[in-house]
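This report examines selected sites of one protein structure with its bound ligands. The sequence and the structure are shown first, and the sites are then taken in turn.

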Amino acid sequence: MTAPRVAVVKNRRMRIDEIELRIVRLPYRSVFKTSFGAEAGKTAVLVTVRSEGVEGYGEGVMDQLPHYREETIAGATGLMRDALVPDLFASGCDHPRDLYDRWAHLRGNNMAKTAIELAVWDCYARQQGVPLRTLYGGERTEIPVGASLGMNPVAETVASVEKHVAEGYRRVKLKIEPGWDVEMMSAVRERCPDIELTVDANSAYTLDDVELLRSFDRFHLHYIEQPLHWDDLVDHAKLAKQIDTPLCLDESLTSPARVQAMLELGAGSVVNVKVGRFGGITAVHRIHEICVAQGVPMWCGGMLETGIGRAHNIHLATMPGFVYPGDTASASRTYARDITEQQLEASNGVMPVPEGPGLGVTLDRPFLDEVTLSTEVLRP
Ligand code: OSB
Ligand code: MG
């Protein structure tokens, strides 16, 4: 008699054998301009965690310089080398959901922690043979998506909005800053009066601009994303009381406690989730619980990630609290060629969740090597 094959998911400690930190530089198809700068390409930290013959991937969303939030690639990789990686080698990991609290004594540095945590999650899910979304509690197999358009001349922007709407994108977001707002919104609204339209200021305004920001009410925006300072809640609460358009916070939200504070202050009523800003999946789960309980809409933001970070975002956005279309649009909008073998492409405004264990994507090794700036393999 043969023993029955039982798919027992063993709950045992992962031994972490090796961690690779790889810096890649991938050109954008066109320069992406926001109120904080113009970028011609992506410099990303790719983390590979190897455990007992299985590997998993994470991506860090910090930039070389701290233009979005304060973390940098140099600072983040330094913390990985000095503390996060040695801790994983020393203690392994029972379950990736434990790492957020385990690393809480290391203050801040959410993007560094997340890059490593996501690689452990992917590795863990691949070892268990389940898709990441299943571990997260995500039931959807596809997610609705919108598109974030960088700042471009008005005529070009209007044409781009129309193109994205024709492709089926569920929402269009325009990047704005003072002097680059009303004219563009007017032009877009004239051609597309009924689309779900939002704007993202990336902290370019101050409370001196209340009159101007109130004048945006006539464009019936779904929400205004992060109009004021990148770490502020109090001024956003003052602004929210003086305009009709809902505020969505991005940069200012860095933890479950900050989301709770936003709600208590009335600083915003919509949450942009970027797992890297929050410090990992456990933090997002706690925020998800707060938002679902209070009926606060969440959506999945993006940082023009490569296929690894994009696939992570897609799995994350399958959770039921992500009720607005996210920024996880087709990879081909951003990159002529990506580092994953699978093409992450939306059709009719819907992005399918990659299938298979873990992230469900594999690396295009030859291309990855072409775009690699440096590789460092750490061992116990
Ligand atoms: O504020 O959402 C943002 C890109 C880089 C940094 C910040 C932001 C963005 C985007 C692009 O809006 C979203 C995407 O397509 O990934
Ligand atoms: Mg934003």
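## D250 and the magnesium site

D250 has a relative accessible area of 0% and is therefore buried, since the cut-off for that class is under 20%. The model in which this value was computed is a predicted one. D250 lies in the loop between β9 (247-249) and α9 (256-265), and D250 is also one of the residues that coordinate the magnesium ion (ligand 2). The coordinating residues are D200 and D250, each through OD, and E225 through OE, at 2.1 to 2.3 Å. Along the chain these donors follow the spacing D-x24-E-x24-D.

E225 belongs to strand β8 (residues 224-225), so that E225 and D250 link distant parts of the chain, 25 residues apart. With a relative accessibility of 0%, E225 is likewise classed as buried.

## Ligand 1 and its surroundings

D250 also approaches the other ligand: an N or O atom of the D250 side chain is 3.1 Å from an oxygen atom of ligand 1. Two further polar approaches involve S148 and L304. In S148, a polar side-chain atom lies 3.0 Å from a ligand 1 oxygen; in L304, a polar backbone atom is 2.8 Å from an oxygen atom of ligand 1. On its own, ligand 1 has 390 Å² of accessible area, and the protein covers 96% of this.

The shell around ligand 1 holds 15 residues, of which S148, K175, D200, N202 and L304 come nearest. D200 in this group is also a donor to the magnesium ion (ligand 2). Sorted by class, the shell comprises 7 charged, 5 nonpolar and 3 polar residues. Both domain 1 (18-129 + 363-378) and domain 2 (135-352) contribute to this shell, with at least three residues from each.

## Positive phi angles at S203 and N348

Which phi value does S203 adopt? Although S203 is not a glycine, its phi is positive, at about 75 degrees. S203 is located in the loop between β7 (197-200) and α7 (210-215). The relative accessible area of S203 is 18%, and S203 is therefore buried, the limit being under 20%. The C-alpha atoms of S203 and the magnesium donor E225 are 8.6 Å apart in space, while the two residues are 22 residues apart in sequence.

N348 likewise has a positive phi without being a glycine, with a value near 50 degrees. This residue is found in the loop between α13 (331-334) and β12 (350-352). Is N348 buried or exposed? Its relative accessible area is 55%, so N348 counts as exposed, a class that begins over 50%.

## The contacts of R171

R171 occupies the loop between α5 (154-166) and β6 (172-175). At 1% relative accessibility, R171 falls in the buried class because its value is under 20%.

Which side chain makes a polar contact with the side chain of R171? The partner is D327, at 2.9 Å. In addition, a polar atom of the R171 side chain lies 3.3 Å from the backbone oxygen of P325. Y324 is 153 residues from R171 along the chain, yet the C-alpha atoms of the two residues are separated by 8.8 Å.

## E70 and its neighbour R69

E70 is placed in the loop between β3 (54-60) and α1 (73-91). Its relative accessibility is 47%, which means that E70 is partly exposed. The side chains of E70 and R69 are joined by a polar contact of 3.0 Å. From C-alpha to C-alpha, E70 and F278 are 13 Å apart in space, with their positions 208 residues apart in sequence.

Note on methods: Residues are numbered from 1 along each chain as its sequence is written. Chains are lettered from A and ligands numbered from 1 in the order in which they are written. This is a predicted model: local features need pLDDT of at least 70, side-chain atom pairs count only at pLDDT 80 or more; totals for chains, interfaces and linings use all residues. Side-chain values use heavy atoms; hydrogens and water are left out. A residue is near a molecule or strand if one of its heavy atoms lies within 4 Å of it. A polar contact is a pair of N or O atoms within 3.5 Å; within protein, one must be able to donate a hydrogen and the other to accept it, and residues adjacent in sequence count only if both atoms are side-chain atoms. Accessible areas come from the Shrake-Rupley method with a 1.4 Å probe; for residues, only the protein chains shown count as cover. Ala, Val, Leu, Ile, Met, Phe, Trp, Tyr, Cys and Pro count as nonpolar, Asp, Glu, Lys and Arg as charged, and the others, Gly among them, as polar. Domain bounds come from an automatic or database domain assignment. Donors are N, O and S atoms within 2.8 Å of the metal (3.2 Å for Na, K and Ca); water is not among the atoms, so sites may look incomplete. Helices (H or I, at least four residues) and strands (E, at least two) are DSSP runs, numbered from the N terminus. Buried means under 20% relative accessible area, exposed over 50%, partly exposed in between (1.4 Å probe, protein chains only).
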